[in-house]
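Notebook open, model loaded. I wanted to look up one helix and one sheet and jot down what turned up.

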Amino acid sequence: MEDIAREQRHRESRDLRKLDLNLLIIFETVYQTGSVSQSARVLGMSQPTVSNALSRLRGHFSDPLFVRMDRGMKPTPKAMSLLPPITDALGALRRGLAYDSDFDVATAKRHFRLLLHDFSVPSVLPPLVRALDEAKSACTVEVITPDWERPHEALTRGDADLIMDISLQEQPGVTLEPLMDADAVCIVREGHPRIGHEMSREDFANNGHAVLPRQMRLHLPTARQVRAAAIDRRVGAILPNAANLATTVATTDLIAIVPRRYAELVSPIYRLRILPVPFEYPTSKVFLGWATDKEDDPGVRWLLNHIRATFSN
């Protein structure tokens, strides 16, 4: 019996060596969560990606591995026998990577390049710069405006380390991770002569608006939501960036729609009043994205973890 068990372990080890590392990680996560959808959320992948990986694993081992039950997916005896060697292999790999590839921000000299929308800069940049300053780091940060028609290309070319934006689409070579839900608000200046602490649809329609350039407007959902509400918005000024937009709203009687997080950060600086949008405006999903081949880059991992921590607070 002992010889049979030894031969089985040896055969399973040979089988594991033929598998892509990502498949082993997906196997471990599905085993732990008992759910394809939850595994996709944990790994920052789409459900079809996890399902396809599971199909490959089933074909490789000629076993269902996980059987759908009322309360999730139950591992088969084969899956139970595979878990220990997979867990051991992944554990050894993680320990090795952690030992050899820790990123020491205090001694590193790295130039980080971030693809950010203007509205995201006040949320991301100040905490990141403070972390580098506190560590007396020689690292620098550069914010790059994405090409909104092809925002992923800078990642796959190696021209940027990450992107943070709403409604990113899956692209080959890019890993996406949902970061947060974002809702929108209106901003007006304190002391606005016609708008107090509430804004009606009529106020929204009758006052001029400050907006961003057309290419940036098309990328955001604002124009679509205004049209869906059947409101004729009067544009009073087109500004090149979010900072100019906030300054203009603070010094005129124009209105602007901006993300709530941006409004909360800049309203004390520009003395702006934050008001609810006076019509239905669904939330948007904000994603982090990075080149898949940089997932083991210790600097990129440090950067991603820093941004995750910033938005978890």
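Started with the far side of helix 6: Asp 133 and Glu 134 are exposed there. Worth keeping in mind that this is a predicted model.

Next I asked myself which residues of helix 6 are buried. I got Ser 123, Val 124, Pro 127, Leu 128, Ala 131 and Leu 132. Why do they end up on the same side of helix 6? They cover an arc of only 135 degrees around the axis, so they share one side of it. The textbook reason behind such spacing is that an α-helix has 3.6 residues a turn, so residues three or four places apart point the same way.

Then I looked up what that buried side packs against. The list has strand 3 (111–116), strand 4 (140–144) and strand 5 (162–166), plus helix 12 (260–270) and helix 13 (298–312).

Checked the geometry too. Helix 6 runs over residues 121–134, which is 14 residues. From first C-alpha to last it reaches 20 Å, close to the 20 Å expected at 1.5 Å a residue. Just after helix 6, I noted Lys 136 with a positive phi of about 50 degrees.

On to the sheet. I found an open sheet of five strands, order 4-3-5-12-6, with mixed pairing. Strand 4 and strand 6 (174–182) are the edge strands, each pairing on one side only. From one strand to the next, the twist averages 20 degrees.

Last entry: how do strand 5 and strand 12 (residues 284–291) run, parallel or antiparallel? They run antiparallel, joined by four bridges. I also noted Asp 165 standing opposite Phe 287 in strand 12.

Key. Residues numbered from 1 in each chain as written. Predicted model: local features only at pLDDT ≥ 70, side-chain atom pairs only at ≥ 80, totals over all residues. Heavy atoms only, no water. Helix = DSSP H or I, 4+ residues; strand = E, 2+ residues; numbered from the N terminus. Expected span 1.5 Å × (residues − 1). Buried < 20%, exposed > 50% of the residue type's maximum accessible area, 1.4 Å probe, protein only. Arc of directions from axis to C-beta. Contact = heavy atoms within 4.5 Å. Pairing = 2+ DSSP bridges. Axes fitted to C-alpha atoms, helices over the stretch in contact; angles between N-to-C directions.
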